[in-house]
Amino acid sequence: MKVVFYLDCVSPHQVPLAREVVKRIGANCFRYVYRDAVQEERAALGWQMTGDADWFVHIGTHPDVAREWIEFADVMLTGFRDFELFERRAARGLATFYMSERWLKPIVVSGCSLPGRVRLLHPRFRRMVQAMKGCFRSENFRYLPIGVHARKDMVALCGEQTTSRMTPWGYFVEPFIRAENTKMRTDSVYRILWVGRMLALKGVDTIVKAFRRLYPNVENVELTLVGDGPERSRLERMARGLPVRFLPFKPIDEVHRLMFDYDVFVFASNAQDGWGAVVSEALIAGLHVLGSRESGAAATMIDADDLFQAGDWRRLASLLERCANEKRAGTLKGQGIGEWTAEKAADRLLALIDEVRK
């Protein structure tokens, strides 16, 4: 059996799963085919943009090898909406697994948010929906929605009957542990963390507003915001007079080390944020995560008691105060990553392959 991942780049959100699959089926039976070898923005974030194993294949460098795998491998996992490729593979009786974030993300126009269903007014989008419906009629096709919202969107577009051809999915990050030479924190300071690009869709202003409400009621509390972006100056003005620390962008390894010094991680993005792999990283580090209902990762991996509506700083302030009380009582704990690891995902993927091939 040959398995191919066909993706846009060498992504730290995809490679951990690829490595787990290789462990199970062997490098000779697997290829990671990617299109873009140079992505300056992602490389600036510390991503390694080229593969470090023989099973990585850049389609621009080895087009014939890449095409042979994506056309004829027994199983293909992809994030591309290449419906003609899907049809060719279906005609050969080959399995195709298509994964995606939500199709009906809200549309932001001049600062106004329109419902994602507005996309159905465009003929090209309607044609894609019809092509997707055709894919669902193939016994060898499965859809892997990245997050609960992606699943809801696809049901809304293609019908409830398609759920039997869906498997919940996400992005799966590399596991990490506390370095042996670092000390466990023993002080009583209640520390709150956010990490990312300071964009409007990330809702960092919601965190600052909630912290302003929290600060007078909780002793020994501090908030750290890590990252840069167009919203930073405004956020710094909002945070004046508060124990808020701004740190510049840090490579992912440094972020992982930093996480072990915090109690709570907040993910406040709106519906424009399809997943949010930093949530997975915070869960791995043992932080207690509070997240917005509209974001993919938080809504998928976290219980409703720890969720708030994007922009609802009052609800977030209440959740932060609850966590402060739990820390004081010694009962505050992280939720844990649970089933959302690359190892567990590889198990699910191979089980799905067995199901389709039978």
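A salt bridge is a side-chain nitrogen of Lys or Arg within 4 Å of a carboxyl oxygen of Asp or Glu. The legends below describe close-up views of a predicted model.

**Figure 1. Salt bridge between Glu254 and Lys250.** The side chains of these two residues meet at 3.9 Å, N to O, which is within the 4 Å limit. Glu254 is partly exposed, with a relative accessible area of 34%. Lys250 also counts as partly exposed, at 22% relative accessibility. In the structure as a whole there are 22 salt bridges. Side chains of opposite charge can pair when their charged atoms come close.

**Figure 2. Salt bridge between Arg165 and Glu139.** Here the N to O distance is 3.5 Å. The pair links distant parts of the chain, the two residues being 26 residues apart. Arg165 belongs to the loop between H6 and E9, whereas Glu139 belongs to the loop between H5 and strand E8 (141–145). Arg165 counts as buried because its relative accessibility is 14%, and buried means under 20%. Glu139, in contrast, counts as exposed because its relative accessibility is 56%, and exposed means over 50%.

**Figure 3. Salt bridge within helix H12.** Arg322 and Glu326 both lie in helix H12 (residues 313–329). They are four residues apart, which is about one turn of the helix. Their side chains meet at 3.4 Å, N to O. Arg322 is partly exposed at 26% relative accessibility, and Glu326 is partly exposed at 22%. Elsewhere, Glu20, Lys23, Arg24 and Asp347 are joined into one network by salt bridges that share partners.

**Figure 4. Crossing of helices H5 and H6.** The axes of helix H5 (residues 123–136) and H6 come within 10 Å and cross at roughly 95°. The two helices are therefore roughly perpendicular to each other, since angles of 65 to 115 degrees are counted in this way. On the H5 side, the contact is made by Phe125, Val129, Met132, Lys133 and Phe136. On the H6 side, Met154, Leu157 and Cys158 take part.

**Figure 5. Surroundings of helix H10.** Seven of the eight residues of helix H10 (residues 277–284) are buried, so the helix is largely enclosed by the rest of the structure. The buried residues are Ala277, Val278, Val279, Ser280, Glu281, Ala282 and Leu283. Their cover includes E9, helix H9 (252–259), strand E12 (264–267), strand E13 (288–292) and helix H11 (296–301). After H10 comes Gly286, with a positive phi near 90°.

**Figure 6. Contacts of Thr167.** Thr167 is located in the loop between helix H6 (148–158) and strand E9 (190–195). Thr167 is buried, with a relative accessible area of 15%. When residues up to four places away in sequence are not counted, Thr167 touches Tyr143, Leu144, Pro145 and Leu352.

**Figure 7. Backbone at Asn220.** Asn220 lies in the loop between helix H7 (204–214) and strand E10 (221–226). Most residues other than glycine have a negative phi. Asn220 is not a glycine, yet its phi is positive, about 50°. Asn220 is partly exposed, with a relative accessible area of 47%.

**Figure 8. Nonpolar patch on the surface.** The patch is formed by Val109, Leu114, Val118 and Leu121, which together have about 330 Å² of accessible area. Val109 is placed in strand E6 (residues 107–109). At 43% relative accessibility, Val109 counts as partly exposed.

Note on methods
Residues are numbered from 1 along each chain as its sequence is written. This is a predicted model: local features need pLDDT of at least 70, side-chain atom pairs count only at pLDDT 80 or more; totals for chains, interfaces and linings use all residues. Side-chain values use heavy atoms; hydrogens and water are left out. Patches are made of residues with over 30% relative accessible area and no salt bridge: like charges are joined within 9 Å, nonpolar side chains (Val, Leu, Ile, Met, Phe, Trp, Tyr) within 5 Å. Accessible areas come from the Shrake-Rupley method with a 1.4 Å probe; for residues, only the protein chains shown count as cover. Buried means under 20% relative accessible area, exposed over 50%, partly exposed in between (1.4 Å probe, protein chains only). Contact means heavy atoms within 4.5 Å. Axes are lines fitted to C-alpha atoms, for helices over the stretch in contact, and angles run from 0 to 180 degrees between N-to-C directions. Angles under 35 degrees count as roughly parallel, over 145 as roughly antiparallel, 65 to 115 as roughly perpendicular and the rest as oblique.
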